[in-house]
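Student: Please take a close look at a single helix and at the part of the fold that covers it. I should like one connected account, with each term explained.

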Amino acid sequence: MTIQICVPREVRKSEQRVALVPDIVKRLAAKEGLELNIESGAGELAGYTDSDYENATIIASDSELLSKADICLTVNPATIEQIDQLKDGSVLIGYLNPHSDLERFTRLKQKNISAFSMELIPRISRAQAMDALSSQASIAGYKAVLLASNILGKFFPMLTTAAGTIRPSKVLIIGAGVAGLQAIATARRLGAIVEAYDVRPAVKEQVESLGAKFVDIEIKADGSGGYARELTDEETQQQQAILAKHVAAADVIVSTAAIPGRPSPLIISTEMVEGMRGGSVIVDLAAEGGGNCELTKIDETVLHKGVKIYGPTNVPSMVGNHASELYSKNLLNFLELLVPQSSINVDLEDEIIRASLITHGGEILHAGIKEQIEGAS
Ligand SMILES: NC(=O)c1ccc[n+]([C@@H]2O[C@H](COP(=O)([O-])OP(=O)(O)OC[C@H]3O[C@@H](n4cnc5c(N)ncnc54)[C@H](O)[C@@H]3O)[C@@H](O)[C@H]2O)c1
C-alpha cells in the first residue's frame, strides 16, 4: 500500500518555514511505497517554488491535500480546522505546543490520529538528528545576536579608523544551552567581547571553548536529564546580586535561560535594567515562556530609561530557508524510525516514539495533557 505524505502551507501569520524542502522530498520519494504531496505555495517563503518540488504532486487546495494524507507534516501546531480535515487513523507530525489549546488533543483522540510532537523528542544521543528544538534553537541564538546588532547604536567589533578607535561592544549571554552557545559563537564572530552565564557548571568549558568568559556565580543547579532545576528564592537573589554588575557593564544581553515545562526564570529585574547604560539592548529569547527580564513584552521593543528590551517570538522563521532545511532533516530522520519498511510502525517500546506520541489508538497517551483535559471536564 502506498503511504501518502502531505505537507500543507503553514497557516501561522508570517511563518516562513516549510516542513519539507525539495531535497528531502526527493530522498523520501526515492523510497519504496511513499508518495509526496505538497500544497501549492507551501515552500514559497522559504525560497522554494512549486516547480522546485519535482518529486511531489502539487495540490492546490488544503482540504484536498489534508484529506489525502496518511502522514501530515507541519512546522507549527495543526489547527482544529486542519485536524478536522485529516483522515481518521492518520498520522500527524509537527510542533504541537502540548501545553496550550487542549481541545486539539481531544479532537485528535476522537479521530484516532497518531499525533507526534516534535517538541517532545527526548534530548538523548540517538535522537539528536531528529531534535527539532535544538536545530531551531540554534538558529534562534544566531539570529538573536543579529537582531540585537540591528537595534544597537554601536559596532560589535573594535574598529580603528582615521577618526579614532571604537571600543568593541560587550555582550552578555544568559543561559548557555543550545541557543545560548550559538549566540556566543555569533557575537564572537562579530568581534564583541563576550561573557556568558549559566546555572549548570558543566557548560563552563563549552563557553570558554567558544572564546567567551564564564561568569561564575557559584550556584550549581543541575537538574535531571542534563537540564537545570529551578532556583530557590534565596538563590535567585544571590544570582541577581552578582549578575547585576555584569548586566550593568553589557551593551547587549541575549537571554535564553529556560527550564523545560516551567515558566522562564526571571533573572533581570527592572532595577538591573535601570543600572544599564542608555542605548543598551536586551534581546529576550525566552519571551514566550514569560521572559527572563521583568520588562519583556512579547514581540515588542520596550524602551525603559534608554534601554531597549525586545522579546521576539518565532525567530527561527526569520531564517526560513535554513530553518526549513534543518527541520526537514529532523523529520526525515524521524520518519526513518516511524516508517522503516514502507509501512507505519508505531513501536510503543521505542523511547523516542513513546516520548513524542501524544495521541494514538483513540487515547491520549501523554500523561500531563490527559490529566489537564480530564481535570477540566
Ligand atoms: N524566541 C524564539 O523564537 C525562540 C526560538 C527557539 C528557542 N527559544 C527559547 O530560547 C530558550 C532557550 O532554548 P534552548 O533550546 O537553548 O534551551 P536549553 O534548555 O538548551 O538552554 C537553556 C539554558 O538555560 C539555563 N538556565 C536555566 N535556568 C537558568 C538560570 N536561572 N540562570 C541561568 N541559566 C539558566 C539552562 O541550564 C540551559 O543551559 C527557551 O526559552 C526557548 O523556548 C525561543
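Tutor: The bend at a residue is the angle between two axes, one fitted to the seven residues ending there and the other to the seven starting there. Helices (H or I, at least four residues) and strands (E, at least two) are DSSP runs, numbered from the N terminus. The model is a predicted one, in which local features need pLDDT of at least 70, side-chain atom pairs count only at pLDDT 80 or more, and totals for chains, interfaces and linings use all residues. Residue numbers start from 1 along each chain as its sequence is written.

Helix H8 comprises 17 residues, 233-249. From first C-alpha to last, H8 reaches 25 Å, close to the 24 Å expected at 1.5 Å a residue; the expected span is 1.5 Å times one less than the number of residues. H8 nevertheless has a kink of about 40°, centred on Leu243. Leu243 is also buried, as are Gln239 and Val247; buried here requires 20 or more other C-beta atoms within 10 Å of the residue's own, with C-beta atoms placed from the backbone.

The cover over the buried residues of H8 includes helix H9 (270-274) and the strands E9 (170-174), E10 (193-197) and E12 (252-255). Contact means C-beta atoms, placed from the backbone, within 7 Å.

These three strands belong to an open sheet of seven strands with mixed pairing, ordered E11-E10-E9-E12-E13-E15-E14. Strands E11 (213-214) and E14 (301-304) each have a single partner strand, so one side of each is left without a neighbour in the sheet; pairing requires at least two DSSP bridges. Further along, E13 (residues 281-284) and E15 (residues 307-310) run parallel and are joined by three bridges, with Val281 partnered by Lys308 in E15.

Terms used: A residue is buried if 20 or more other C-beta atoms lie within 10 Å of its own, exposed if 12 or fewer, and partly exposed in between; C-beta atoms are placed from the backbone. Two residues are in contact if their C-beta atoms, placed from the backbone, lie within 7 Å.
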